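Biologist: Please show me the sequence together with the model, and then let me ask, term by term, how each description is justified.

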Amino acid sequence: MTEAEELDGLTRLFLRASDYDVWIYKSKMQRFMGLLNGRPETEAKALLKQINRVVSPKLVTNKEKWEPVVVLIRTALETY
């Protein structure tokens with residue numbers, strides 16, 4: 001699998017935002033960020049914004065579960 005395919009797969013998974021996949025966010029975010037570093041800044045930031053828009057509403061239904069994920073994504077956005 002190429003890095004581009006891996007990034008695409010993680011992006012699709014993160015955009016799905018399933019409650020069952022929260023552990024994947026936590027375990028794969030570091031790798032995802034590493035893959036994003038190889039992308040142009042505007043593309044990386046756009047992906048993070050898109051994921052943030054999908055995941056943030058989850059705080060309403062289960063803040064305890066999703067807050068660590070949202071913090072990871074927003075912290076990553078701040079670095080760009």
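Modeller: Val 22 is a good place to begin, since residues up to four places away in sequence are not counted and Val 22 still touches Lys 65, Trp 66 and Val 69, where contact means heavy atoms within 4.5 Å. Residues are numbered from 1 along each chain as its sequence is written, and side-chain values use heavy atoms, with hydrogens and water left out. The model is a predicted one, in which local features need pLDDT of at least 70 and side-chain atom pairs count only at pLDDT 80 or more, while totals for chains, interfaces and linings use all residues.

Biologist: Why is Val 22 called buried?

Modeller: Buried means under 20% relative accessible area, exposed means over 50%, and partly exposed lies in between, with a 1.4 Å probe and protein chains only. Val 22 has a relative accessible area of 5%, and therefore counts as buried. Thr 11 is judged in this way too: its value is 8%, so Thr 11 is buried, and, leaving aside neighbours within four places in sequence, Thr 11 is in contact with Phe 32 and Leu 47.

Biologist: In which helix does each of these two residues lie, and what makes a stretch a helix?

Modeller: Val 22 lies in helix 2, whereas Thr 11 is found in helix 1. Helices are DSSP runs of H or I with at least four residues, strands are runs of E with at least two, and both are numbered from the N terminus. By that rule the protein has 5 helices and 0 strands.

Biologist: What makes a group of residues a nonpolar core, and which residues have the most contacts inside the largest one?

Modeller: A nonpolar core is a set of buried Ala, Val, Leu, Ile, Met, Phe, Trp, Tyr and Cys residues joined through side-chain atoms within 4.5 Å. The largest such set here has 24 residues, and those with the most contacts inside it are Tyr 25, Phe 32, Leu 36 and Val 55. At least two residues of this core come from each of helix 1 (3–16), helix 2 (22–36), helix 3 (41–55) and helix 5 (63–79), and helix 2 gives the most, with 8 residues. In soluble globular proteins, nonpolar side chains tend to be buried together. Once neighbours within four places in sequence are left aside, the contacts of Tyr 25 include Leu 13, Phe 14, Ile 51, Val 55, Trp 66 and Ile 73.

Biologist: How do you know that Arg 31 and Glu 3 form a salt bridge?

Modeller: The term requires a side-chain nitrogen of Lys or Arg within 4 Å of a carboxyl oxygen of Asp or Glu. For Arg 31 and Glu 3 the N to O distance is 3.8 Å, which meets that limit and therefore earns the name. Arg 31 lies in helix 2 and Glu 3 in helix 1, so this pair ties together parts that are 28 residues apart in sequence. At 34% relative accessibility Arg 31 counts as partly exposed, while Glu 3, at 53%, is exposed.

Biologist: How many salt bridges are there by this rule, and which others can you describe?

Modeller: The count comes to 4 salt bridges. One of them joins Arg 12 to Asp 8, with the closest N and O atoms 3.1 Å apart, and these two residues, being 4 residues apart in helix 1, are separated by about one helical turn. Another joins Arg 39 to Glu 43, with the closest N and O atoms at 3.7 Å. In addition, salt bridges that share partners join Glu 3, Glu 6 and Arg 31 into one network.

Biologist: What does the radius of gyration say about the overall form?

Modeller: This radius is taken over C-alpha atoms, and the globule rule is 2.2 Å times the number of residues to the power 0.38. With 80 residues, a compact globule would have a value near 12 Å, and the protein has 12 Å, so the two agree.

Biologist: How confident is the predictor in the protein?

Modeller: On the pLDDT scale, which gives the predictor's confidence in each residue from 0 to 100, the protein averages 91, and 100% of the residues score at least 70. Confidence is lowest in helix 2, at a mean of 89, and highest in helix 3, at 94.
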